[in-house]
There are 2 protein chains.
Amino acid sequence: MTSGKQRGRLSREVLVRRALAVADREGLDAVTIRRVAGDCGVTPMALYWYFRDKEQLLAGIAEYLFEQVQMPSTDNAPWDAQLMAVLSALLTVLRQHSSVAGLIAGYVLSSEAGLRVTERVLGLLRDGGFPPGQAAVTCTQLVAIIALITGPPGPDRTLEPQACESAVRARLAGLSALDPARFPSVIAAAAPLARRDDDQRYYRSVLQMLVGGAHAMAAQLAERGCGTQRQLGVPEG
Amino acid sequence: MTSGKQRGRLSREVLVRRALAVADREGLDAVTIRRVAGDCGVTPMALYWYFRDKEQLLAGIAEYLFEQVQMPSTDNAPWDAQLMAVLSALLTVLRQHSSVAGLIAGYVLSSEAGLRVTERVLGLLRDGGFPPGQAAVTCTQLVAIIALITGPPGPDRTLEPQACESAVRARLAGLSALDPARFPSVIAAAAPLARRDDDQRYYRSVLQMLVGGAHAMAAQLAERGCGTQRQLGVPEG
DNA sequence: ACCTGAACACCGTTCAAGT
DNA sequence: ACCTGAACACCGTTCAAGT
């Protein structure tokens with residue numbers, strides 16, 4: 001694709017950004033040692049100077065994404081509002097690179113930049129009254145969920161808006177044709193289900209549910225032992 | 001691996017189950033047309049009689065998983081308790097096949113069994129007071145989150161418990177060696193962060209956060225417009 | 001209807017060699 | 001230090017053919 005022949009052009013960061021560009025345009029599966037090398041006008045084997053193997057290249061992408069997160073500075077807003085802001089910052093970066101968003105969950109604890117986010121979230125949960133162990137669990141889950149919910153909607157990640165719109169129409173037709181006796185709620189919600197709007201509403205809604213859930217957990221932890229709060233059990237697996 | 005030479009042994013379901021077994025033992029990347037064919041003692045091309053391409057094989061796995069979900073029968077428990085039960089049933093199936101859990105998010109609306117779960121969740125959210133559009137969004141998010149949070153923890157999905165335990169120790173050592181001035185919360189939470197316990201607590205906690213969040217949203221929707229409830233905003237992306 | 005066989009265009013990676 | 005080149009063991013998939 002885009003090439004160039006100057007020497008000394010290559011570096012870890014250049015390769016990571018090239019790989020990210022490929023992923024953004026054509027999906028994660030298109031990120032290939034040979035493809036990235038070709039885009040850089042270089043032999044596949046050249047990449048092995050900078051990365052031990054392909055997994056290290058992917059780890060490089062994940063780390064790069066964490067570095068792009070612009071965390072808001074600490075203020076004296078309530079802990080849940082601050083948590084919302086931090087998760088929003090993460091979400092903002094991942095939305096722009098949704099095909100690789102799923103990668104970062106595995107590198108939260110192994111990259112410097114990922115640890116910065118973790119440190120911040122842990123601190124906010126502690127402010128909310130979470131005991132350390134519970135905070136760790138919840139923090140892991142929050143970051144993973146943000147990462148994954150932003151990720152690829154499925155195997156039909158066609159990037160052309162044209163094809164996307166016709167896929168929506170096809171799916172809408174499929175849902176509308178269902179048996180109304182068996183799937184009344186699905187049919188009633190067919191339009192918003194099929195559309196999968198990538199808009200503000202979708203993301204605002206996840207964040208509210210997550211932070212709302214964390215808030216509810218904090219309240220429950222505060223009055224621990226009191227039997228007035230209904231306990232929701234999960235059956236043994 | 002295991003082979004057998006009888007005729008007529010092959011079918012969509014047999015192949016799907018063979019593929020799932022491979023995924024469970026060696027991860028999703030090991031699921032390969034050639035590998036599944038080999039396990040069935042058959043030529044790779046034989047699979048193309050039952051599946052148009054590899055994606056259809058994966059879709060078959062996803063559908064099979066939805067069929068395994070044993071949804072609790074409707075009773076007159078509160079909507080959020082019932083929602084917890086449905087999500088638990090989904091979680092129970094996916095926990096046993098964590099390497100493929102990430103697949104199902106893309107097939108919720110395209111498989112009969114997936115639609116059954118969707119129908120149920122939509123109905124419960126409506127009982128909780130969600131308007132149709134919001135219910136659709138939240139339903140999609142809930143199922144996707146359950147699927148993805150159960151999924152592969154990252155690239156280090158070593159399945160041998162021996163290697164897993166030593167990986168935990170290594171990560172623990174790494175976290176403990178961090179600068180205490182910069183990462184005090186991470187260091188304090190090092191043990192639960194590194195361990196990544198797959199136990200009851202982890203999953204109970206996600207479900208509580210999610211259902212607690214849905215509950216909070218429902219309450220907010222009920223008193224819509226009233227300014228007493230603090231509104232958490234998400235910045236523009 | 002159900003499966004085989006050869007072939008094609010791809011992968012990641014090793015090993016040895018060039019500059 | 002940084003990159004090339006040939007080779008190996010894998011992929012998914014097409015096309016034609018067998019029974």
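Two exercises with worked solutions follow, both on a predicted model.

**Exercise 1.** Describe the contact between domain 1 and domain 2 of chain A, beginning with the domain bounds and ending with the polar interactions.

*Solution.* Begin with the division of chain A, in which domain 1 covers 4-52, domain 2 covers 67-152 + 197-232, and domain 3 covers 161-194. Next, count the residues that touch: 5 residues of domain 1 of chain A are in contact with 5 residues of domain 2 of chain A. The area buried between these two domains is about 380 Å², and carbon and sulfur atoms give 64% of that area. On the side of domain 1, 84% of the area buried against domain 2 is supplied by A:Leu20, A:Asp24 and A:Leu28, more than any other three residues. By class, this side of domain 1 has 3 nonpolar, 1 polar and 1 charged residues. Finally, between domain 1 and domain 2 of chain A there are 0 salt bridges, while 2 residue pairs are in polar contact.

**Exercise 2.** Determine which residues approach the phosphate oxygens of DNA strand C, and place them within the surrounding protein surface.

*Solution.* First, collect the surroundings: 15 residues surround DNA strand C, and the closest are A:Arg34, A:Met45, A:Lys54, B:Thr43 and B:Tyr50. Of the atoms of strand C that come within 4 Å of the protein, sugar and phosphate account for 56%. Then take the phosphate oxygens, where an N or O atom in the side chain of B:Tyr50 is at 2.5 Å, a polar backbone atom of B:Thr43 is at 2.8 Å, and an N or O atom in the side chain of A:Thr32 is at 3.4 Å. The elements that give two or more residues to this surface are α2 (33-39) of chain A and α3 (47-50) of chain B. By class, the surface near DNA strand C has 9 nonpolar, 2 polar and 4 charged residues.

Methods:
Residues numbered from 1 in each chain as written. Chains lettered and ligands numbered in written order. Predicted model: local features only at pLDDT ≥ 70, side-chain atom pairs only at ≥ 80, totals over all residues. Heavy atoms only, no water. Domains from an automatic or database assignment. Contact = heavy atoms within 4.5 Å. Buried area = accessible area lost by both parts, 1.4 Å probe. Salt bridge = Lys/Arg side-chain N within 4 Å of Asp/Glu carboxyl O. Polar contact = N/O pair within 3.5 Å; in protein donor to acceptor, adjacent residues only side chain to side chain. Nonpolar A, V, L, I, M, F, W, Y, C, P; charged D, E, K, R; others polar. Near = heavy atom within 4 Å. Helix = DSSP H or I, 4+ residues; strand = E, 2+ residues; numbered from the N terminus.
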